[in-house]
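Biologist: I am new to this one, so please pick a single part, look at it closely with me, and then carry on from there to the rest.

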Amino acid sequence: MTGWRSLLLRRETGIAVMIVLFCLAVGAVKPQFLTLNSLRIILLLTPLILIGAMGQMLVIVARHVDLSIGSILGLTAMVAGMMFRYAPEVPWPLAFPLAIGLGAVLGLVNGALVTLFRLPAIIVTLGTLSLYRGMTFIISDAKQIDRQYVPSALKAMSQTSPVFGIPWIIFIAFGVALLTWWFAMHTRIGRQVFALGSNPVAAPLRGINVTRVTLTVFAISGALSGLAGIMYASRWGFVNPSNTGNGFEFQVIAAVVIGGVSINGGVGTVPGVVLGVLLLGCVSAALPLLGIPGTTQSAIYGAVILIALVIDRMVRMQGRTRGTQRAGA
Amino acid sequence: MTETSATARDAAPPRPLWQVLLIRPEMMTLILLLVGIFAGSQLSEFFLDTDYILKSFTLSAEFAMVALVLTLVIIAGEIDLSPAANMALSACLFAWVQAAGVPLPLAVLVGLGAGLAMGALNGALVIGLQIPSIIVTIGTLILYRGLAQIIAGDKSIRVPESFVGINDVMVAGIPLPVILFCLLALVLGLLLGTTIFGRQIYLVGTNEVAARHAGVRSARIRMILFLMMGLVSAVAGLMTASRLGSVRYDLGLGGELQMVLMAMLGGTYIFGGRGTILGTFLAAWLLVIVTTGMIVANVLPAWQLCVLGLLLIVSIIATNLIYSRTQR
């Protein structure tokens, strides 16, 4: 296959084309959609989902799924918020290692249950989804952390910008994406994640430490959800025990599946997921412009996930008939 | 395992009868249930009031009925996470067309038909396109709940007076939802335990490929199960609407946790092929005893959320251990 043909057939190209077509279609109706300002809005909608999607991508590539990330986001954001409230003398940047570390521990619990007891990740994380959410209520006594407690320096990260009017939070998100790309493509354990997902039976025979790889992906997913928790506090300025992170897992899974990560494991790319996140961001930004009520958003997410699954299935059927099964890349 | 060529010498010695009868997941559920009842009676003298327990059960009866069918789905090696969203959408559709002037019986049919259609969509994606049911039903969970949100918005839709109050209907002193649950358990228990169809469900869940080679119509069986799932979810949705008197898009929100929990707690094997209706039946009562006990003991709702999550994980670990010890 020649270079340009393989480029055209790539999943990322398909998503990019969809983004362009979608933006042009919306722009034809509402020209103000095609301005820099709406790009800013789109970008501001995406950082949390992008950070969560990087962890979820690794988990799904390893043939698992993590439904608890929304609850991890809520719990870590709450712990950070309580640090701001009850220990204001602690320097606020310490909330970053606190939330990320706590997230990693919560993710490790998921991973340990999955590997040690050989349980399906979907049931384990359904259980911890409820467990972590309950813990959030317990530690916070079901009270919200209000705006005045969140340090203004942290809130400013979502508003002030080093360059081009792009806030810090977006740079952090894309930095995470870059790191994940490096991890997935250029580290030994990153490649092992793909090997494990491609063939869980063959992977241990090739000397891959399945337990270690599984624990790693769940820990990363948890740690990134913890980072997303801090970002939530920065972006919205409050932490609510029941709302914060609720439904986050569904947005993230939607972005990951749209981004071409195969739920059968072993296949997925960081650029694809980034584009998937951007596509979701475009849809979310276009809805209010087109006068479509926000209540439709959830249905659209659901429909988009199903369409992406069907497309993914079609592509795989085609790939099988042509005998070109790509893995990783 | 039992080919004609295998002689008696090759076979492992059969386990003693008491082990076969006693060491099984349902027994764990039964013991937990008895412990729960005992602990509850120590907590409060009002706890052992049968009327109170039955009344509490009507709150969970809808989820419990769905959990019974979910047990069959899990035994067949699939899973369905969308029933709670299905309940919401079929109930919203029912209330919406009813409020638009459609006569009540027809509106009920619309609700049930919608449930069936949702089950059919799940089945078509899982069986027709061979996409794993885990991810399909996560997608349809979001879709159905989202559609319900579009129909109902943020408001609640009232249902007519004549439709309200299924939980107050008493048959021989027992609330109607409890009776429906017990009847469904009986029917499904007989279906699973005594019919060819039931045995085929186990076979499909144990080894789908082998089942197909043995002439079992695996695709048809799984499709029927998804359709049953859709129908029972719609029934549960309408029952909830009748109990609450109004319908909102967040009806049954998070119910999938309780449904899966009931099936797991009842010893259904998450990888398929094993499990019984009796187990889920007992687990539903156990869960009601536990939640009622927590309410009687003034446990905060937040702790209940934790307990449910922990129970799910512990029960699945225990079930897996029991199966790995006693079989194979």
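**A close look at one residue and beyond**

Modeller: Let us begin with Phe164(A), which is exposed, its relative accessible area being 78%. On this scale, buried means under 20% relative accessible area, exposed means over 50%, and partly exposed lies in between, with a 1.4 Å probe and protein chains only. Please keep in mind that this is a predicted model, where local features need pLDDT of at least 70 and side-chain atom pairs count only at pLDDT 80 or more, while totals for chains, interfaces and linings use all residues. Residues are numbered from 1 along each chain as its sequence is written, chains are lettered from A and ligands numbered from 1 in the order in which they are written, and side-chain values use heavy atoms, with hydrogens and water left out.

You will find Phe164(A) in the loop that runs between helix 8 (152-156) and helix 9 (168-186) of chain A. Helices here are DSSP runs of H or I with at least four residues, strands are E runs of at least two, and both are numbered from the N terminus. Phe164(A) has company: together with Val163(A), Trp168(A) and Phe171(A), it makes up a nonpolar surface patch with about 460 Å² of accessible area. A patch takes residues with over 30% relative accessible area and no salt bridge, joining like charges within 9 Å and nonpolar side chains (Val, Leu, Ile, Met, Phe, Trp, Tyr) within 5 Å. The areas come from the Shrake-Rupley method with a 1.4 Å probe, and for residues only the protein chains shown count as cover.

How far can chain A be trusted? Its mean pLDDT (the predictor's confidence in each residue, from 0 to 100) is 84, and 92% of its residues reach 70 or more. Residues 323-329 of chain A, however, have pLDDT below 50, although in the model this stretch has 17 contacts beyond near neighbours in sequence; contact means heavy atoms within 4.5 Å. Where pLDDT is low, the predicted coordinates should not be read in detail.

From the aromatic side chains of the patch, we can move on to aromatic pairs, of which there are 8 over all chains. In Tyr232(A) and Phe238(A), the ring centres are 6.2 Å apart and the planes stand at 80°, so this pair is edge-to-face. Rings of Phe, Tyr and Trp (its six-membered ring) pair if their centres lie within 6.5 Å; planes under 30 degrees apart count as stacked, over 60 as edge-to-face and the rest as tilted. Tyr232(A) is buried at 11% relative accessibility, while Phe238(A) is partly exposed at 24%. Over in chain B, the rings of Phe281(B) and Trp285(B) have centres 6.4 Å apart and planes at 70°, so they too are edge-to-face. Phe281(B) and Trp285(B) are 4 residues apart in helix 12 (residues 277-296) of chain B, which means about one helical turn separates them. Phe281(B) is partly exposed at 21%, whereas Trp285(B) is buried at 14%. These two also join Phe57(B) and Phe181(B) in one aromatic cluster.

Charged side chains add 6 salt bridges over all chains, a salt bridge being a side-chain nitrogen of Lys or Arg within 4 Å of a carboxyl oxygen of Asp or Glu. One of them joins Asp141(A) and Lys143(A) at 3.1 Å, N to O; Asp141(A) is partly exposed at 48%, and Lys143(A) is partly exposed at 46%. In chain B, Arg212(B) and Glu208(B) form another, with their closest N and O atoms 3.1 Å apart. Those two lie 4 residues apart in helix 9 (residues 208-213) of chain B, so about one helical turn separates them. Glu208(B) also meets Arg222(B) in a salt bridge of 3.3 Å, N to O. This second pair links distant parts of the chain, from helix 9 of chain B to helix 10 (residues 218-244) of chain B, 14 residues apart. Arg222(B) is buried, at 12%. Through shared partners, Glu78(B), Glu208(B), Arg212(B) and Arg222(B) become one network.

To end, here are two buried polar residues of chain B. Asn86(B), in helix 4 (residues 83-99) of chain B, has a relative accessible area of 2% and so is buried. Leaving aside neighbours within four places in sequence, its contacts include Tyr144(B), Ser233(B) and Ala234(B). Thr71(B), in helix 3 (residues 50-75) of chain B, is buried at 0%. Not counting residues up to four places away in sequence, Thr71(B) touches Ala263(B), Thr268(B), Thr276(B), Ile277(B) and Thr280(B).
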